[in-house]
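Please open the structure in your viewer and keep the selection panel at hand. The tour proceeds by selection, one stop after another.

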Amino acid sequence: MRSTFKSIVVAALLAHAGAAFAQDDVEAPETETEATQEQEEQSSDLDLGQPAGPAVGQAYILQEFGDWAMRCIRAPEGEADPCNMYQLLSDDQGNAIAEFNFFRLPEGSTAVAGATVVVPLETLLTEQLTLSVDGQNARRYPFRFCNQGGCIARLGFTQAEIDQFKRGAEGTVRLVHAANPSNEILLKLSLTGFTAGFEGSVSPAE
């Protein structure tokens, strides 16, 4: 009798275990599916990040040469970033007044280099812009146009003028304020680092 009861108990346990195993086999796929869904939900909340550095169209400083900086604009992937030499010009009180952007030109051009100068909208345009180096060889340049950022003059330089920049210590940019024509504005253009920056720059054709 005891042996029979023992056999029944063992059989019941085996049957229960078999049912449990069978149940586990049925529920396993459901558990894996839930885990996959949970992982997908978690991954959808993750931020993969973006490349560090300036975005396309933003300006950045690539290198500095004395008082000049090589400023570039981030171009779309696969294109070279355009760069030029840059210096911010301030008055005697330290107020930023003008931007001087200097760039080389392809070989064979009449001018070997050029510059774009941006000045405030309040500038008296008829007085034009005057540039000299160490107080010598002053030349006047007209303003081409104005926009929300200021008024723009585009300057061209011969090789002789570039050599003067390289030998010089300081340039002077002269402007006249439209509201006060009797007072001229003289801005210092440092030539410290100009030679290194110019030699390190690349012309558009290269």
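The stops below concern a predicted model and pass from a hairpin to disulfides, the core and salt bridges.

**Stop 1: the hairpin**

Select strand 1 (residues 59-65) and strand 2 (residues 68-73), which run antiparallel and are joined by 6 bridges. Within this pairing, Y60 stands opposite C72 of strand 2. Next, select G66: the hairpin has 2 residues between its strands, and G66 adopts a positive phi near 60 degrees there.

**Stop 2: the disulfides**

Remain at C72 and add C83 to the selection. These cysteines form a disulfide, with their sulfur atoms 2.0 Å apart. The bond connects C72 in strand 2 with C83 in strand 3 (residues 83-90), positions 11 residues apart. The link of C72 and C83 is right-handed, with 105 degrees about the S-S bond. C72 is buried at 0% relative accessibility, whereas C83 is partly exposed at 32%.

How many disulfides are there in total? The count comes to 2. To display the other, select C146 and C151, whose sulfur atoms are likewise placed 2.0 Å apart in a disulfide. The torsion about the S-S bond of C146 and C151 is about 100 degrees, so this disulfide is right-handed. Here C146 is partly exposed, at 38% relative accessibility, and C151 is buried, at 1%. With bonded cysteines counted along the chain, the disulfide pattern reads 1-2, 3-4.

**Stop 3: the nonpolar core**

Which residues have the most contacts inside the largest nonpolar core? Select F100, F102, L129, L131, L155, F157 and F165; the core to which they belong has 32 residues. Center the view on F165 and display its surroundings. Beyond its neighbours within four places in sequence, F165 is in contact with F102, L131, V133, F157, L189, L191 and F194.

Move next to V173, which is found in strand 10. Is V173 buried or exposed? V173 is buried, with a relative accessible area of 0%. Residues up to four places away in sequence aside, V173 touches L89, F100, L129, T130, L131, I185, L186 and L187. For one of these, L129, the C-alpha atom is separated from that of V173 by 7.0 Å, although the two residues are 44 apart along the chain.

**Stop 4: the salt bridges**

The structure holds 6 salt bridges; three are visited here, beginning with R174 and E127. Their closest N and O atoms are 3.7 Å apart. R174 lies in strand 10 (residues 170-177) and E127 in the loop between strand 5 (113-119) and strand 6 (129-133), so the pair ties together parts that are 47 residues apart in sequence. R174 is partly exposed at 22% relative accessible area, and E127 is partly exposed at 27%. Add E184 to the selection to show a network of salt bridges linking E127, R174 and E184.

Next, select R139 and E161, a salt bridge whose closest N and O atoms are 3.4 Å apart. R139 belongs to strand 7 (residues 136-141) and E161 to helix 2 (residues 159-167), so this pair ties together parts 22 residues apart in sequence. R139 is partly exposed, at 47%, whereas E161 is buried, at 15%.

Finally, select E199 and K166, whose salt bridge has its closest N and O atoms 2.6 Å apart. This pair links E199 in helix 3 (residues 194-200) with K166 in helix 2, 33 residues apart. E199 is partly exposed at 46%, and K166 is partly exposed at 27%.

Definitions and conventions. Residues are numbered from 1 along each chain as its sequence is written. This is a predicted model: local features need pLDDT of at least 70, side-chain atom pairs count only at pLDDT 80 or more; totals for chains, interfaces and linings use all residues. Side-chain values use heavy atoms; hydrogens and water are left out. A salt bridge is a side-chain nitrogen of Lys or Arg within 4 Å of a carboxyl oxygen of Asp or Glu. Helices (H or I, at least four residues) and strands (E, at least two) are DSSP runs, numbered from the N terminus. Buried means under 20% relative accessible area, exposed over 50%, partly exposed in between (1.4 Å probe, protein chains only). Contact means heavy atoms within 4.5 Å. Two strands pair if DSSP finds at least two bridges between them. A nonpolar core is a set of buried Ala, Val, Leu, Ile, Met, Phe, Trp, Tyr and Cys residues joined through side-chain atoms within 4.5 Å. A disulfide is a pair of cysteine sulfur atoms within 2.5 Å.
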